[in-house]
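User: Hey, got a few minutes to walk me through a model I just pulled up? I'd like to get a feel for the fold before lunch.
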Amino acid sequence: MSIPVSVVILAAGEGTRMRSRRPKVLHEVAGDSLIGHVGRTAATLDPQRVVVVVGHAADAVRDIFTPRWAALAPQIPLTMVVQAERRGTAHALRMAAPSLESASGTLVVLSGDVPLLQAETLRALLATHLEAGAAATVLSTVTAAPTGYGRILRRPDGAFDRIVEERDATPAEKAVTEINAGVYAFQLDGLFEVLARISNDNAQGEYYLPDALALLRADGRSVCVARHADAEEVRGVNTRAELAAVAAAFRRRTVAALMAEGVTFLDPSTAYVDVDVEIGMDTVVYPNVYIEGRTRIGENCRIHTGARLVNAQVGDEVMVRDYSLVFDSRLDARVTVGPFAHLRMNAHLHEGAVVGNFVEVKQSSLGTGTKAMHLSYLGDATLGARVNVGAGTITCNYDGKQKHQTIIEDGVKIGSDTMLVAPVRIGEQAMTGAGAVVTEDVPPSTLVVGVPAKVKKVLS
């Protein structure tokens, strides 16, 4: 921007219509909180500073948003200020005044419950504001359902007149379909003096921030309206139904962007994909798939129906079959998982590994080409390359007090229903017989059988 920009995010509301003990701005959609999404957009302006005005459950909002902001823009100072008495949006902005004493230029005011707002829209707002040399510019949109929003009232020549809140509007004013989106750009010079003059003589007894625009105009200063064509983008969230609608909008936006980059969704309407997900070209996503968090999926993969991936790292040409769960885990190239598999807690499947029906892998590594095809649990284990794990195998990793490691070296064959009682090591090219209970280390190139398992013979 040609002049300095600061940002205030208003997030003090209680959100009573959400019917929740959680602050409204902390409700999550598409992999982030409402205020987290607003913070992402604010960060794109590279502001001098950001001030968040909190009120209801201030500590909870502070505890969640402060580290979130540190991850988004650690170089930009963040201040959290408390509006102890929630007396309206103008009063909330006045609480930010001490944090902006040294600021100059333009102040952008955002609402913490308008998560769909995009950076391009804010840049257009600022461009309109700066080109007009306005004291204030408000973002508006036209909607067929204006209920609940302040209405933009214009003079006969089409210029801005004032904003009237719905509770104070006449029937004719309520019929106006151009609404206040709750997003503003202000010249900082003189702004807080104007805010101090706002009256609370209205239906709610509150100090309305939109009244600042009428006062500025009465002072002979320029006030602009930047009308935005997409009403969905500037919708606020006040109810669970609106939260669901915003989540659906995020999904549509995210899936459309991925399809434009070469990803196939067989049924886009049933794909649940968070905003930070990355998917490579020529990957096919089947219906009813959930891809969440910071999941990264490579090229030419197949993610089948019912799969759920959360913070997963997936290489190229990977197959995740139906109803498999992959949480916080890594799948290297050409891995196959499922159906009905469960990988969690930093499981790592190396290139070409296969995990099949009803296999759970927890905090374990499977080497190149290793296979565990059926009904097995591999926890706290390290498996080498080309290991074959028979059906029903279990690493017995917990002794009632602590977890222990199982190590299976390259080329081992584990017979069906083997119990590996950790800590234990199976040497290279060894075998266990079906039903073996292995309580001691197995030497390389030997066959062990029985309960407890003993060396039956040395393999050539």
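User: How many bridges join β1 to β4, and which way do they run?

Analyst: There are 5 bridges joining β1 to β4, residues 50–54, and the two strands run parallel. One pair to look for is A11, which stands opposite V54 in β4. Keep in mind that this is a predicted model.

User: Which other strand does β1 pair with?

Analyst: β1 also pairs with β6, residues 106–111, in the parallel sense over 6 bridges. There, I9 stands opposite L110.

User: And is β1 mostly covered or open?

Analyst: Mostly covered: β1 spans residues 5–11, and 7 of its 7 residues are buried. V5, V7, I9 and A11 point one way, while S6, V8 and L10 point the other way, and all of them are buried.

User: What about helix α1, how many of its residues are buried?

Analyst: Helix α1, residues 34–43, has 9 of its 10 residues buried. Among them are L34, I35, H37 and V38, along with T41.

User: Where does β11 pair, and how covered is it?

Analyst: β11 pairs with β7, residues 136–142, in the parallel sense over 6 bridges. As an example, A136 has V223 in β11 as its bridge partner. As for cover, β11 runs over residues 223–228 and 5 of its 6 residues are buried.

User: OK, zooming out. How many helices and strands in the chain?

Analyst: The chain comes to 8 helices and 42 strands.

User: What are its overall dimensions?

Analyst: The C-alpha trace spans about 100 × 45 × 40 Å along its principal axes. The radius of gyration is 29 Å, whereas a compact globule of 460 residues would have one near 23 Å.

User: And what share of the residues is buried?

Analyst: Buried residues make up 52% of the 460 in the chain. The chain exposes about 19,900 Å², with carbon and sulfur atoms supplying 49% of that. On contacts, take those with a separation of 6 or more: residues 24 or more positions apart account for 42% of them.

User: With that many strands, what's the order in the 12-stranded open sheet?

Analyst: The order is β12-β15-β18-β21-β24-β27-β30-β33-β36-β39-β41-β42, and the pairing is mixed. The edge strands are β12, residues 264–265, and β42, residues 454–458, each of which pairs on one side only.

User: How do β41 and β42 fit together at that end?

Analyst: β41, residues 446–449, is joined to β42 by 4 bridges, and the two run antiparallel. L447 has K457 as its bridge partner in β42, and T446 has V458. The two strands form a hairpin with 4 residues between them. In the turn, G450 has a positive phi of about 100°.

User: Which way does β39 pair with β41?

Analyst: β39, residues 431–432, pairs with β41 in the parallel sense over 2 bridges. Look for T432, which stands opposite V448 in β41.

User: Switching to packing. Which residues touch the most other members of the largest nonpolar core?

Analyst: L331 and L343, in a core of 51 residues. Several elements each supply at least two residues of this core, including helix α8, residues 240–260, and strands β13, β16, β32 and β38.

User: What does L343 touch?

Analyst: Leaving out residues up to four places away in sequence, L343 touches L325, V326, F327, S329, L331, V337, L349, V355 and V361. There's also a second, separate core of 35 residues, which includes A90, L100, V138 and F186.

User: Last topic: which residue does UniProt annotate as "active site"?

Analyst: The "active site" annotation covers H374, and it comes from an unreviewed UniProt entry. H374 is found in β30, residues 371–374, and β30 is one of the strands of that 12-stranded open sheet.

User: Why call H374 partly exposed rather than buried or exposed?

Analyst: Because its relative accessible area is 37%. Buried would mean under 20%, and exposed would mean over 50%, so H374 sits in between.

User: And what does H374 touch?

Analyst: Not counting residues up to four places away in sequence, H374 touches N357, V359, G390, A391 and G392.

Notes
Residues numbered from 1 in each chain as written. Predicted model: local features only at pLDDT ≥ 70, side-chain atom pairs only at ≥ 80, totals over all residues. Heavy atoms only, no water. Pairing = 2+ DSSP bridges. Core = buried A, V, L, I, M, F, W, Y, C linked by side-chain atoms within 4.5 Å. Buried < 20%, exposed > 50% of the residue type's maximum accessible area, 1.4 Å probe, protein only. Contact = heavy atoms within 4.5 Å. Rg over C-alpha atoms; globule rule 2.2 N^0.38 Å. Areas by Shrake-Rupley, 256 points an atom, 1.4 Å probe, with all protein chains shown as cover. UniProt positions renumbered as here; feature names shortened; annotations may be inferred.
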